[in-house]
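Reader: I am new to this structure and would like to learn how to read it. Could you take me through it one feature at a time?

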Amino acid sequence: MNRVLEHKVIAVTGAGGVLCSEFARHYAALGAKVALINRSTEKIEALEKELTALGLQAKAYQANVIDAEALAAVHTRIRKDFGQVDILVNGAGGNMAAANTGNEYHEKALAPSLRTFFDLDMDSVSGVFELNFLGTLLPTKEFASDMVGREGCSILNVSSMSSYKPLTKVLGYSAAKAAVNNLTQWLAVHFSHMGIRVNAVAPGFFSTKQNKTLLYDEEGNLTERSRKILAGTPMGRFGVPEDLLGTVTYLVDPKASGFVTGVIIPVDGGFNAYSGV
Ligand SMILES: NC(=O)c1ccc[n+]([C@@H]2O[C@H](COP(=O)([O-])OP(=O)(O)OC[C@H]3O[C@@H](n4cnc5c(N)ncnc54)[C@H](OP(=O)(O)O)[C@@H]3O)[C@@H](O)[C@H]2O)c1
């Protein structure tokens, strides 16, 4: 495989997750030294073993992305193990059910068992904001200090389809990912004189642990909502993690995208382009 990321140190948050573990595998295969950062340790330790057994360079680091002190401690260790960070991928993110409504629309007669707008749990809404927005800002604040004054450095945020137009029910996560888009553009401008590029990828609908219960019922059949999603996706299928690899490599490779900053690229089978008619 082409080693286009040789000598690059890439810190990936959420590296234990379905999507970001694939990004980490790909970056390592392209020659990067990959710091696998995650809240829980089991999955990143297994990934470290898997990658090092292949002769690739990767190391697991436990940290919560909303804990500035933990990030600073991990940063010190990464510098010692690999050197300064060239590329940060802010992949840790996700939703909480209590930050969603149970209904798409507020109606006069609602099933009492479903969470209405008025029942939304504000701690969960804050929690989703903290994870997705602060969990992008704090690692950037920590790791971008390595990038100042050095060439070929960049930050890649992971946004979502829900950032452009909010998904029904999904109040907290949609707003938090919209904030991630806004932050991506702010950072791109702010760091432009330093040559640090800041971009985002906005995955469409992928079949992963995070949204399994949204997409399939207990028998593994498509839910009504997932049929709606597929009807809104011109390519007519859910994404698979491999669909993202070209985009997440392009955006961090300075030779390929050296003049690209402040963009949010949808990888969505056409969902964002489709008006429904
Ligand atoms: N899957 C999709 O269809 C989809 C679509 C659009 C956007 N996205 C975005 O893509 C990114 C990855 O999604 P995914 O589907 O791969 O999710 P996932 O499988 O749930 O993985 C998320 C990873 O982030 C880690 N994490 C969660 N909170 C953390 C924290 N506070 N500090 C450090 N690590 C934390 C989790 O670790 P633990 O093991 O500790 O939980 C987990 O390993 C997220 O930003 C998500 O919002 C996903």
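Author: What follows goes from the ligand to the salt bridges, then to the surface and a few single residues. Keep in mind that this is a predicted model.

Reader: Let us start with the ligand. Which residues come nearest to the ligand?

Author: A residue belongs to the surroundings of a molecule if one of its heavy atoms lies within 4 Å. Here 29 residues are around the ligand, and R39, S40, K43, N64 and Y173 come nearest.

Reader: How do the residues of that shell divide into nonpolar, polar and charged?

Author: The shell around the ligand holds 10 nonpolar, 15 polar and 4 charged residues. Two helices, α1 (18-29) and α5 (171-190), each supply at least two residues of this shell.

Reader: Which polar backbone atoms should I look at beside the ligand's oxygen atoms?

Author: For a polar contact, look for a pair of N or O atoms within 3.5 Å. A polar backbone atom of G17 is 3.1 Å from an oxygen atom of the ligand. For V18, a backbone N or O atom lies 2.9 Å from a ligand oxygen. G91 also has a polar backbone atom 2.9 Å from an oxygen atom of the ligand. As for cover, the ligand on its own has 890 Å² of accessible area, and the protein covers 93% of that.

Reader: Now the charged side chains. How many salt bridges does a search of the whole structure find?

Author: The sign to look for is a side-chain nitrogen of Lys or Arg within 4 Å of a carboxyl oxygen of Asp or Glu. The search finds 8 salt bridges.

Reader: What is the partner of R25, and how are the two placed in helix α1?

Author: R25 forms a salt bridge with E22, and their closest N and O atoms are 3.0 Å apart. The two are separated by about one helical turn because they are 3 residues apart in helix α1. R25 is partly exposed, at 26% relative accessibility.

Reader: Where do D146 and R79 lie, given that their side chains meet in a salt bridge?

Author: Between D146 and R79 the N to O distance is 2.7 Å. D146 lies in the loop between α4 (122-143) and β5 (154-158), while R79 lies in helix α3 (residues 68-81), so this pair ties together parts that are 67 residues apart in sequence.

Reader: Is D146 buried or exposed?

Author: Buried means under 20% relative accessible area. D146 counts as buried because its relative accessibility is 1%. R79 is partly exposed, with a relative accessible area of 37%.

Reader: Which residue forms a salt bridge with K228?

Author: That residue is E104, with the closest N and O atoms 2.9 Å apart. K228 is in helix α7 (residues 224-231) and E104 is in the loop between β4 (87-90) and α4, so the pair ties together parts that are 124 residues apart in sequence. K228 is partly exposed, with a relative accessible area of 48%, and E104 is partly exposed, with 29%. Elsewhere, salt bridges that share partners join E22, R25 and E50 into one network.

Reader: Which residues form a nonpolar patch on the surface?

Author: In reading such a patch, ask which nonpolar side chains are together and what accessible area they have. F117, F118 and L171 form the patch, and together they have about 340 Å² of accessible area. F117 is placed in the loop between β4 and α4 and is partly exposed, with a relative accessible area of 48%.

Reader: What does the side chain of T249 reach?

Author: A side chain can be paired with a backbone atom as well. The side chain of T249 reaches the backbone oxygen of L245 at 2.8 Å. T249 is found in helix α8 (residues 242-250) and counts as buried, at 9% relative accessibility.

Reader: Last, the backbone angles. Where are H7 and K169, which have a positive phi?

Author: Start with the angle, then find the residue's place. H7 has a phi near 75 degrees, a positive value in a residue other than glycine. H7 is in the segment before β1 (9-13) and counts as exposed, at 66% relative accessibility. For K169, phi is also near 75 degrees. K169 lies in the loop between β5 and α5 and is partly exposed, at 27% relative accessibility.

Key
Residues numbered from 1 in each chain as written. Predicted model: local features only at pLDDT ≥ 70, side-chain atom pairs only at ≥ 80, totals over all residues. Heavy atoms only, no water. Polar contact = N/O pair within 3.5 Å; in protein donor to acceptor, adjacent residues only side chain to side chain. Areas by Shrake-Rupley, 256 points an atom, 1.4 Å probe, with all protein chains shown as cover. Helix = DSSP H or I, 4+ residues; strand = E, 2+ residues; numbered from the N terminus. Nonpolar A, V, L, I, M, F, W, Y, C, P; charged D, E, K, R; others polar. Buried < 20%, exposed > 50% of the residue type's maximum accessible area, 1.4 Å probe, protein only. Patch = residues over 30% accessible without salt bridge, like charges linked within 9 Å, V, L, I, M, F, W, Y side chains within 5 Å.
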